[in-house]
Amino acid sequence: MQGFPNLFLIGPMGAGKSTIGRLLAAELQRDFVDSDHEIQRRCGADIPWIFDVEGEAGFRLRERLIIDELSQRSEIVLATGGGAVMHEDNRQVLRERGTVIYLYATVEQQLRRTAKDRNRPLLRNKDPEAVLRGLFEVRDPLYRATADLLVRTDRRGTRSLVNDILKRVTRLIDPLQTKA
């Protein structure tokens, strides 16, 4: 869809950023990129390995560079990693270069969706729920401050979420339009 802004998806792990991002990109006939997957592709290593070798600081530096590069593209749907909002540079470039959508997920929802995922270095400990609650406390205000739209992901299916996002972004562009 021409004239539609870049869409940048933010939110916690397990919120559905990649799934919803792919569907949005298909609907809009745009490229979809997941910043975490792009980091892994370029490094030739998975995120847990990067965390083990470079620490979180090394990973966050790579993430900042990738988000800066990818957000400069046009006609893109970008899913960011859950911690991308921790750095002000990321929040700033996302706000300046497109429409930012916060996919809100409760901690309980995140626990269900990440329970069997071994590719989450921050959850490799005895109490993932405590980790997710701590991350939520710190990151939720940053997601909210960065986002143009907040979309709850716990009440309906992905197709319904995608349609809702398209309608709401369309209203941001042209408040007189009622549907995408």
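## Helix H7 over the sheet

In this predicted model, helix H7 (residues 158-173) lies across three strands: S1 (7-10), S4 (99-104) and S5. Against S5, helix H7 runs at about 165°.

## The sheet itself

So what are those strands part of? They belong to an open sheet of 5 strands, and reading across it you get the order S2-S3-S1-S4-S5, with parallel pairing. Strand S2 (31-34) and strand S5 (149-152) stand at the edges; each has a single partner strand, so one side of each is left without a neighbour in the sheet. On average, neighbouring strands here are turned by 20° against each other, direction ignored.

Take a look at the S2 end. Strand S2 and strand S3 (residues 76-79) run parallel and are joined by 4 bridges. Which residue of S3 is the bridge partner of Asp-34? That's Ala-79.

## A cavity lined by H6

Now for the empty space. The structure holds 1 cavity of 30 Å³ or more, and the largest cavity has a volume of about 50 Å³. If you want to find it on screen, look for its lining: Pro-12, Met-13, Gln-110, Leu-132, Leu-135, Phe-136, Arg-139 and Tyr-143.

Which helix gives the most to that lining? Helix H6 (residues 128-146) does, with 5 residues. As for chemistry, the lining of the largest cavity divides into 6 nonpolar residues, 1 polar and 1 charged.

Notes
Residues are numbered from 1 along each chain as its sequence is written. This is a predicted model: local features need pLDDT of at least 70, side-chain atom pairs count only at pLDDT 80 or more; totals for chains, interfaces and linings use all residues. Side-chain values use heavy atoms; hydrogens and water are left out. On a 1 Å grid over the protein atoms alone, a cavity is a set of points where a 1.4 Å probe fits but cannot get out, and a pocket is an open set with protein on both sides within 12 Å along at least five of seven lines; lining residues have an atom within 4 Å of a point. Grid points are joined across faces, edges and corners, and a volume is the space filled by probe spheres set on the points. Helices (H or I, at least four residues) and strands (E, at least two) are DSSP runs, numbered from the N terminus. Ala, Val, Leu, Ile, Met, Phe, Trp, Tyr, Cys and Pro count as nonpolar, Asp, Glu, Lys and Arg as charged, and the others, Gly among them, as polar. Two strands pair if DSSP finds at least two bridges between them. Axes are lines fitted to C-alpha atoms, for helices over the stretch in contact, and angles run from 0 to 180 degrees between N-to-C directions. Contact means heavy atoms within 4.5 Å.
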